[in-house]
Amino acid sequence: MSEATVTVTDNRTGKNVALSIKDSVYGEAVVDIAGLPKELGLFSYDPGFVATASCTSAITFLDGPKGELMYRGYPIEQLAGKCSYIEICHLLLNGELPNTEQLRKFKHTITYHTMLNESLRNFFNGFNYDAHPMAMMCGVVGSLAAFYHDKLDIHDAEHRMITAHRLIAKMPTIAAACYKHNVGQPIIYPRNDLSYCGNLVYTMFATPCEDYEVDPVAEEALDILFILHADHEQNASTSTVRLAGSTGANPYACIAAGVACLWGPAHGGANEAVLKQLAQIGSVANIDRYVAKAKDRNDPFRLMGFGHRVYRNFDPRARLVKETCHKVLAKYGNDPLMELAMRLEDIALKDEFFIERKLYPNVDFYSGIIYKALGIPVNMFTVMFAVARTVGWISHWMEMMTEPNQKIGRPRQSYSGPQKRDVPPLVERK
Ligand code: ACO
């Protein structure tokens, strides 16, 4: 059978070029446009990458119209129901779920990399007491390369894996240290008998003054949230990690770039923005007014936690987060924001504007209510997301590093500035 192609005709010159079509295992086939500049002297123009696949990847697949998500072929609902976050880390990083012995070893490896170099504690002292924890996290993660340069040969598979383990293990310790700095308490060392999420709860909320017992409801809720946030293919922060990595930058610098990108309210910062917005709406009586604002084309206001670039259906993660939210509130007591969120969801889902544009709640619509119930402050929400997403970022970086023809990521542009002109002498400039 001949190769599938799509033919592009330049109607200025009448020249045709056949571009080859490559099938994907799932989802849309892709057309290879790399030959366009040579054949037609044209670049493709696609702001926001709405129609552009930047790589081939075997890690995660999401079907936007159907609202399905799979890690390494396993549906997210099954993974969230049957696995722990640490098993998911193994799956994303190594391609397969661990067996009993692999899981024991992997847990051990991650557990024994959780401590930070003692000198890193000084970094936190340099930040103002009220520094945003995402600002601290960007800086501290970037600085890790200064401490762990013994295994920084990006062309050595063993070095890459050790760095991945270090990052996954140390991110919760860094997150907890950011929180402790904000509240003015001493940084707490992780405990090797606790689970990944158990340790995060412990290092955030324990103090040296008394024993602290981790609540299994909190530990389980975080574990589920972390599974749901672990990876999401070529989202903005993962693409940032890949772009940074394509230059040969060290992986700590790449993950710091991912953390910075995640911070924006259109991405990981949405969970913080949702809670602030719910508080701003204040009561069910005000919902209609805010929905009208969201629909007004002249008002920049958007319903945070609604809409997604790829999902044109319910975000499957949102359903699971909502279920977890109910469980957490059953233990920690109801939150008036939950009632407000559910009413807002109801109203928006019945509204023509949202139906037409296929705008549904995304993963972050309910996650903030869970974090709030667990006593995690609003400015830490995106930090929690960053901890969970680290495994996704580093798995993509590792995948990219093993590609045979890996190239530096370097988009082109359509220039819209002034035409060529001469530099006037200073005295003649207006
Ligand atoms: N509230 C109101 N209107 C919206 C919203 C929203 N949350 N999201 C999209 N729209 C409207 C847009 O105004 C636009 O309307 P138009 O066609 O009349 O111009 C249409 O829906 C399409 O929106 P785009 O901005 O073109 O969609 P895009 O795919 O570029 O944006 C995004 C996706 C950024 C997630 C957007 O939906 C948004 O800003 N949502 C709120 C922020 C949010 O929750 N982000 C978290 C995403 S999930 C994550 O990162 C973990």
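**Notebook: strands and one surface patch**

I looked up V31 first and found V31 in strand β3 (residues 30–31). Strands here are DSSP runs of E, at least two residues, numbered from the N terminus. The model is predicted: local features need pLDDT of at least 70, side-chain atom pairs count only at pLDDT 80 or more, and totals for chains, interfaces and linings use all residues. Residues are numbered from 1 along each chain as its sequence is written, and side-chain values use heavy atoms, with hydrogens and water left out.

Is V31 buried or exposed? I read V31 as partly exposed, at 39% relative accessible area. Buried means under 20%, exposed over 50%, partly exposed in between (1.4 Å probe, protein chains only).

Next I checked the surface. V31 joins V6, I21 and I33 in a nonpolar patch of about 250 Å². Patch residues have over 30% relative accessible area and no salt bridge, and nonpolar side chains are joined within 5 Å. A salt bridge puts a side-chain nitrogen of Lys or Arg within 4 Å of a carboxyl oxygen of Asp or Glu. Areas come from the Shrake-Rupley method with a 1.4 Å probe.

Then the pairing. Strands β1 (residues 5–10) and β2 (residues 15–22) run antiparallel, joined by 6 bridges. Pairing takes at least two DSSP bridges. I found V8 opposite V17 in β2. The β1 and β2 hairpin has 4 residues between its strands, and G14 takes a positive phi near 80°.

Last, the open sheet. Its 3 strands follow the order β4-β5-β6, paired antiparallel. Strands β4 (60–63) and β6 (74–75) are the edges, each pairing on one side only. I counted 2 bridges between β5 (residues 68–71) and β6. Y71 stands opposite Y74 in β6.

How values were computed. Patches are made of residues with over 30% relative accessible area and no salt bridge: like charges are joined within 9 Å, nonpolar side chains (Val, Leu, Ile, Met, Phe, Trp, Tyr) within 5 Å.
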